[in-house]
Amino acid sequence: MYALLHDPMQLFSFVGALMILIAYAGHQFGKMNPRSATYNLLNAIGSAILGYVALFPFKLGFVILEFAWVLISIWAMLRHRQHN
């Protein structure tokens, strides 16, 4: 807990992970529609934060995973918006 409160990068990564987990739990418990803007925004922003954190120090697997997650979330949000 000390590192979380005293290291801005740890706090930043915690917020990113929390955003993704809120979306995931919301979907799994039937409280959030995976086609909703809220769900996709939580995923996109949370993944962008974690992708940024993965750059320092550079972790190729996490960078690819997180930025792919961002792109897929944005694509899903735009696709759903076009169909409405």
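**View 1. Isoleucine 64, a residue of helix 4.** Is isoleucine 64 buried or exposed? With 52% relative accessibility, isoleucine 64 counts as exposed, because exposed is the word for over 50% relative accessible area, buried means under 20%, and partly exposed covers what lies in between (1.4 Å probe, protein chains only). You'll find isoleucine 64 in helix 4; helices here are DSSP runs (H or I, at least four residues), strands are E runs of at least two, and both are numbered from the N terminus. Now look for glycine 30: 34 residues separate isoleucine 64 from glycine 30 in sequence, and their C-alpha atoms are 29 Å apart in space.

A quick note on what you're looking at: this is a predicted model, where local features need pLDDT of at least 70 and side-chain atom pairs count only at pLDDT 80 or more, while totals for chains, interfaces and linings use all residues. Residues are numbered from 1 along each chain as its sequence is written, and side-chain values use heavy atoms, with hydrogens and water left out.

**View 2. The whole chain, for orientation.** Count along the chain and you get four helices and zero strands. Written as a pattern along the sequence, that reads α-α-α-α. The C-alpha atoms fit a box of roughly 45 × 25 × 15 Å, taken along the principal axes. Of the 84 residues in the chain, 31% are buried. Take the contacts (heavy atoms within 4.5 Å) between residues at least 6 apart in sequence: 49% of them join residues at least 24 apart.

**View 3. Helix 2 against helix 3.** Here helix 2 (residues 8-28) meets helix 3 (residues 37-53), with axes that come within 8 Å and cross at roughly 150°. Axes are lines fitted to C-alpha atoms, for helices over the stretch in contact, and the angles run from 0 to 180 degrees between N-to-C directions. So helix 2 and helix 3 are roughly antiparallel to each other; that label goes to angles over 145 degrees, while under 35 is roughly parallel, 65 to 115 roughly perpendicular and the rest oblique. The crossing of helix 2 and helix 3 is left-handed, a term used if the near helix is turned anticlockwise from the far one by less than a right angle (clockwise would be right-handed). On the helix 2 side, look for residues including Met9, Phe12, Val15 and Ile20; on the helix 3 side, Tyr39, Leu42, Ile45 and Tyr52 are among them. Sorted by class, this contact of helix 2 with helix 3 has 16 nonpolar, six polar and no charged residues. For the sorting, Ala, Val, Leu, Ile, Met, Phe, Trp, Tyr, Cys and Pro count as nonpolar, Asp, Glu, Lys and Arg as charged, and the others, Gly among them, as polar.

**View 4. Helix 3 against helix 4.** Which way does helix 3 run relative to helix 4? Helix 3 and helix 4 (residues 60-82) pack at an angle of about 155°, and their axes are 8 Å apart. That makes the two helices, 3 and 4, roughly antiparallel. The crossing of helix 3 and helix 4 is left-handed. Helix 3 brings residues including Leu41, Ala44 and Gly51 to the contact, and helix 4 brings Val63, Phe67 and Trp69, among others. The tally for helix 3 with helix 4 is 13 nonpolar, five polar and one charged.

**View 5. A cluster of aromatic rings.** Phe12, Tyr52 and Phe56 form one aromatic cluster. How many aromatic pairs does a search of the whole structure find? The search turns up two. Rings of Phe, Tyr and Trp (its six-membered ring) pair if their centres lie within 6.5 Å; planes under 30 degrees apart are stacked, over 60 edge-to-face and the rest tilted. Phenylalanine 12 and tyrosine 52 are edge-to-face, at 6.1 Å centre to centre with 80° between the planes. This pair links distant parts of the chain, since phenylalanine 12 is in helix 2 and tyrosine 52 is in helix 3, 40 residues apart. Tyrosine 52 also pairs edge-to-face with phenylalanine 56, at 5.2 Å centre to centre and 65° between the planes. Phenylalanine 12 is partly exposed at 34%, as are tyrosine 52 at 39% and phenylalanine 56 at 48%.

**View 6. Proline 57 and its cis bond.** Proline 57 sits in the loop between helix 3 and helix 4. The peptide bond from phenylalanine 56 to proline 57 is cis, with omega near 0°.
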